[in-house]
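User: Please take a close look at the salt bridges in this model. Then describe the surroundings that help in reading them, and say how far the coordinates can be trusted.

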Amino acid sequence: MFEPWKISTKHICAYFFASYLLLAVASATVVQMRVVKETANYGYFGSNVGDTENSNQLIPTVPPANFSGPELLHRLVGKCYNLTQDRYRYTFCPFQNFTQYEISPRWNAYQGILGIWSHWDIQNNTFAAMVLKNGDHCGDIDRSTKITLKCGPNETLLNVTEPSRCEYSAQFSTRYVCHKDALLVYPRLNSELQVEWDHLHTDFHYGDITEKLVDIV
């Protein structure tokens, strides 16, 4: 039979301590650690980036835009390339997203999206850089990245810098841009757009439109 007068001070303390733990767990805000579930991994970490099968993905604010640009670059779709630099690991998934992971024992090490594939920065009839926008919030702006491509023997994420707060710049080498005309815009246009392009540049040559309008096109 239960005899309440035989409950010791030790039992009472244990009861209140257990109640406190239950209350703390119930009232705590659960923050989930998130990682990108990559379709393929290359570079320093290879496939040893953790058990992504049971991990939550970073949640993008918008889906990536459709593929555009030189057709050879379509071979990069579905692949991801890693770079470990300083105390961060960067992962670039062409025409998908660009992410950053802080290599730190801290419980709240940063993981986030630095940009989602949006469009090409076109300058002087050339695909000058890949623009990735709508990354994670950074104060009153969203993180974004511009990635320039250069000729190289294989696909490698070369470096990452942050010229302005939460605006990143990176270089990516690939064998698919080694031809001198690989990044020219005009050859990638269909015949109808080439005719329109020719008309615009003819108008520009005779001063009928301004340089600013040509750049917009």
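Analyst: Salt bridges and their surroundings

The side chains of R106 and E102 form a salt bridge, with N and O 2.7 Å apart (a side-chain nitrogen of Lys or Arg within 4 Å of a carboxyl oxygen of Asp or Glu). The model is predicted: local features need pLDDT of at least 70 and side-chain atom pairs pLDDT 80 or more, while totals for chains, interfaces and linings use all residues. Residues are numbered from 1 along each chain as its sequence is written, and side-chain values use heavy atoms, leaving out hydrogens and water.

The partners in this bridge differ in exposure: E102 is buried, at 4% relative accessible area, whereas R106 is partly exposed, at 41% (buried is under 20%, exposed over 50%, partly exposed in between, with a 1.4 Å probe and protein chains only). The pair also belongs to a salt-bridge network that links R87, E102 and R106. In total the structure has 5 salt bridges.

Another of them joins the side chains of D121 and K146, at 3.2 Å from N to O. This bridge connects distant parts of the chain, since D121 is in strand β4 (residues 111-123) and K146 is in strand β8 (residues 144-151), 25 residues apart. Strands (E, at least two residues) and helices (H or I, at least four) are DSSP runs, numbered from the N terminus. D121 counts as buried because its relative accessible area is 16%; K146, at 38%, is partly exposed.

R165 and D140 also meet through their side chains in a salt bridge, with an N to O distance of 3.4 Å. Here both residues are in loops: R165 between β9 (156-164) and β10 (167-174), D140 between β6 (137-138) and β7 (141-142), and the two are 25 residues apart. D140 is exposed, with a relative accessible area of 69%.

A further acidic side chain, E155, lies in the loop between β8 and β9 and is buried at 13% relative accessibility. Its side chain makes polar contacts (N or O atoms within 3.5 Å, one able to donate a hydrogen and the other to accept it; sequence-adjacent residues count only if both atoms are side-chain atoms). One goes to the side chain of T174, at 2.8 Å, and another to the side chain of R175, at 2.5 Å. Beyond four places in sequence, the residues in contact with E155 (heavy atoms within 4.5 Å) include L76, Y81, F172 and Y176.

Y81 and F172 recur in a cluster of ring pairs together with Y88, Y90, F92 and F98. The structure holds 11 aromatic pairs (Phe, Tyr or six-membered Trp rings with centres within 6.5 Å; planes under 30 degrees apart are stacked, over 60 edge-to-face, the rest tilted). F67 and F95 are edge-to-face because their planes stand at 65°, with ring centres 4.6 Å apart. They too link distant parts of the chain: F67 is in the loop between α1 (9-27) and β1 (81-85), F95 in the loop between β2 (88-93) and β3 (97-102), 28 residues apart. F95 is buried at 5%, while F67 is partly exposed at 24%.

As to confidence, the chain averages a pLDDT of 77, and 71% of residues score at least 70 (pLDDT is the predictor's confidence in each residue, from 0 to 100). Residues 1-56 are below 50, with 54 contacts beyond near neighbours in sequence. Residues 213-217 also stay under 50, with 4 contacts beyond four places in sequence. Where pLDDT is low, predicted coordinates should not be read in detail.
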